Structure formats: structure tokens, C-alpha cells
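The following exercises are to be worked with the sequence and the structure at hand. Each task is followed by a solution in steps.

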Amino acid sequence: MRDIQNIVILTGAGVSAESGIDTFRDAGGLWEQHRVEDVATPEAFARDPDLVLRFYDMRREAIQTKEPNAAHRALAKLDAEWSGGLLIVTQNVDDLHERAGAKRLIHMHGEHLNAWCTVCDMRMPWIGPLLDRPACPGCGAPGSLRPDIVWFGEMPYRMDEIYDALGSADLFVSIGTSGAVYPAAGFVREARAAGARTIELNMEPSQGSYWFDEARHGPATRLVPAWVDAMLDQA
């Protein structure tokens with residue numbers, strides 16, 4: 001591993017679960033007692049915007065009470081101390097990576113603590129409710145704000161940057177993700193095609209575990225700090 005220069009890390013719900021943030025989908029296909037189709041699609045928002053806004057208002061409020069865990073802090077340490085290329089691509093919409101100190105970061109599925117104006121296309125930090133239909137601070141349009149979240153059927157953010165990083169990666173690491181949601185589930189194959197070594201750190205084998213050169217299974221708060229320390233020791 002001493003020849004590693006460029007690292008791409010994908011993080012999923014398993015990284016934030018130990019901070020008390022629920023994983024996206026449980027075995028029954030529910031997300032906090034809601035069908036995903038009722039709260040996480042453009043069609044759901046058009047059909048029942050109050051339900052969707054109320055749901056995300058509650059999650060936005062709850063996330064602000066959570067704290068980064070040892071896995072977030074370890075990745076922030078790697079970000080600060082790794083002299084080569086590094087990109088953390090997260091499927092998570094919380095801000096725990098940032099609060100731990102990570103800088104080289106892309107939120108491919110958006111952010112709970114942002115709002116998006118569907119009139120002027122402005123995205124802005126937002127920590128309060130959206131259910132009361134506040135006006136956009138940028139253009140003043142009333143009731144134009146929605147959660148800045150990539151719903152099913154929408155295109156994830158900054159995909160060109162992500163694929164560019166995968167194409168030059170020497171190492172791809174997937175942490176705490178099920179390997180079930182595309183396009184992120186296909187990143188390991190993109191990295192392998194570019195010649196990168198691939199490692200999975202997950203509570204259990206993901207759906208795409210067989211694509212990885214190496215897999216380590218257990219809690220993110222144990223696996224990630226150990227892996228980061230090993231990488232920095234041999235850098």
C-alpha cells in the first residue's frame with residue numbers, strides 16, 4: 001500500500017448510524033415509519049408537499065442534536081494529514097463529516113441543512129423549518145424552497161468530479177454502505193477499471209462485496225480509525 005497516492009472514499013449510512021442517525025431503509029422498506037415512495041421522490045412532493053416538508057423538517061432538527069463519532073473523526077484526520085489526493089464522497093445528508101473537520105468532501109445526495117429554491121435555483125444553508133413556506137432569501141419567491149436532497153429519480157450532484165477522481169484513484173474504500181443504490185454502488189467497478197485497489201469496511205458484506213479486493217467487517221467506529229492509522233503510519 002506504500003505506492004498509494006490518490007484515495008477516493010465512499011461513505012454511507014453505516015458511518016452515521018453509530019451517531020444515532022437512522023439508516024435510510026430498514027428490512028421492511030420503511031424509513032422512520034414512512035414508505036420511501038411517500039417522502040423521497042419528486043412525485044411524493046407534488047402529491048403531498050406538507051407530508052414531505054414535515055418529514056424533512058423533523059430530520060433537519062434531529063440531525064442538529066447528533067455528534068460526529070470516531071469514524072467521522074478518523075476520516076477528518078486522514079483528510080488533514082494525507083499529502084496525496086483524497087476525496088470523500090458521502091451518500092449521507094447530515095453534516096457530521098464537516099463537523100468532524102473533513103474538507104475534501106462531496107455530498108452526492110444533497111444536504112439536510114440546505115434549502116433549494118426551485119424558482120431561482122439558489123442553494124443556501126437552512127436550519128429551520130420549511131413547512132411554513134418561507135420566501136427564498138435570494139429572489140423573494142414565496143413557497144419556492146424545498147429540501148436540498150436528491151430524491152429517487154433525480155441526478156446526484158457533482159458526478160463528473162466523482163468519476164474524474166475514480167479514474168485517477170489508486171485506492172477506493174467503501175465504508176458503511178449497502179451497495180444497493182446506484183450510481184454509488186457502481187463506483188467500485190469504476191475504480192477497479194482504472195486499476196485501483198479496493199477495500200470494503202462495513203458491518204456486514206454489502207451487495208457488491210465480491211467486487212472488492214479486501215473486506216473487513218465490523219462497526220465503523222472500530223474499523224475506520226484502525227484503517228486510517230495504518231494508512232498514515234505507512235505514508
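The model used in these exercises is predicted.

**Exercise 1.** Determine the order of the strands in the open sheet and identify the strands that stand at its edges.

*Solution.* Step one is to read the order across the sheet: three strands lie in the order β7-β6-β8, and their pairing is antiparallel. Step two is to count partners: β7 (123-125) and β8 (145-149) each have a single partner strand, so one side of each is left without a neighbour in the sheet, and these two strands stand at the edges. Step three adds the geometry: from one strand to the next, the twist averages 45°.

**Exercise 2.** Describe how strand β6 is joined to β7, and state which helix packs on the sheet.

*Solution.* Begin with β6, which spans residues 110-117 and runs antiparallel to β7, with three bridges joining the two strands. Next, locate a bridge in the model: Trp116 has Arg123 of β7 as its bridge partner. Finally, turn to the helix: α4 (residues 49-63) packs on the sheet and touches β6 and β8. The direction of α4 makes about 135° with that of β6.

**Exercise 3.** Characterise the largest cavity by its volume and its lining.

*Solution.* First, take the count: one cavity of 30 Å³ or more is present in the structure. Second, take the size: the volume of the largest cavity is about 90 Å³. Third, inspect the lining: it comprises 15 residues, and those closest to the cavity centre are Ser174, Thr177, Gly179, Ala184 and Ala185. Fourth, sort the lining residues by character: eight are nonpolar, six are polar and one is charged.

Methods: Residues are numbered from 1 along each chain as its sequence is written. This is a predicted model: local features need pLDDT of at least 70, side-chain atom pairs count only at pLDDT 80 or more; totals for chains, interfaces and linings use all residues. Side-chain values use heavy atoms; hydrogens and water are left out. Two strands pair if DSSP finds at least two bridges between them. Helices (H or I, at least four residues) and strands (E, at least two) are DSSP runs, numbered from the N terminus. Axes are lines fitted to C-alpha atoms, for helices over the stretch in contact, and angles run from 0 to 180 degrees between N-to-C directions. Contact means heavy atoms within 4.5 Å. On a 1 Å grid over the protein atoms alone, a cavity is a set of points where a 1.4 Å probe fits but cannot get out, and a pocket is an open set with protein on both sides within 12 Å along at least five of seven lines; lining residues have an atom within 4 Å of a point. Grid points are joined across faces, edges and corners, and a volume is the space filled by probe spheres set on the points. Ala, Val, Leu, Ile, Met, Phe, Trp, Tyr, Cys and Pro count as nonpolar, Asp, Glu, Lys and Arg as charged, and the others, Gly among them, as polar.
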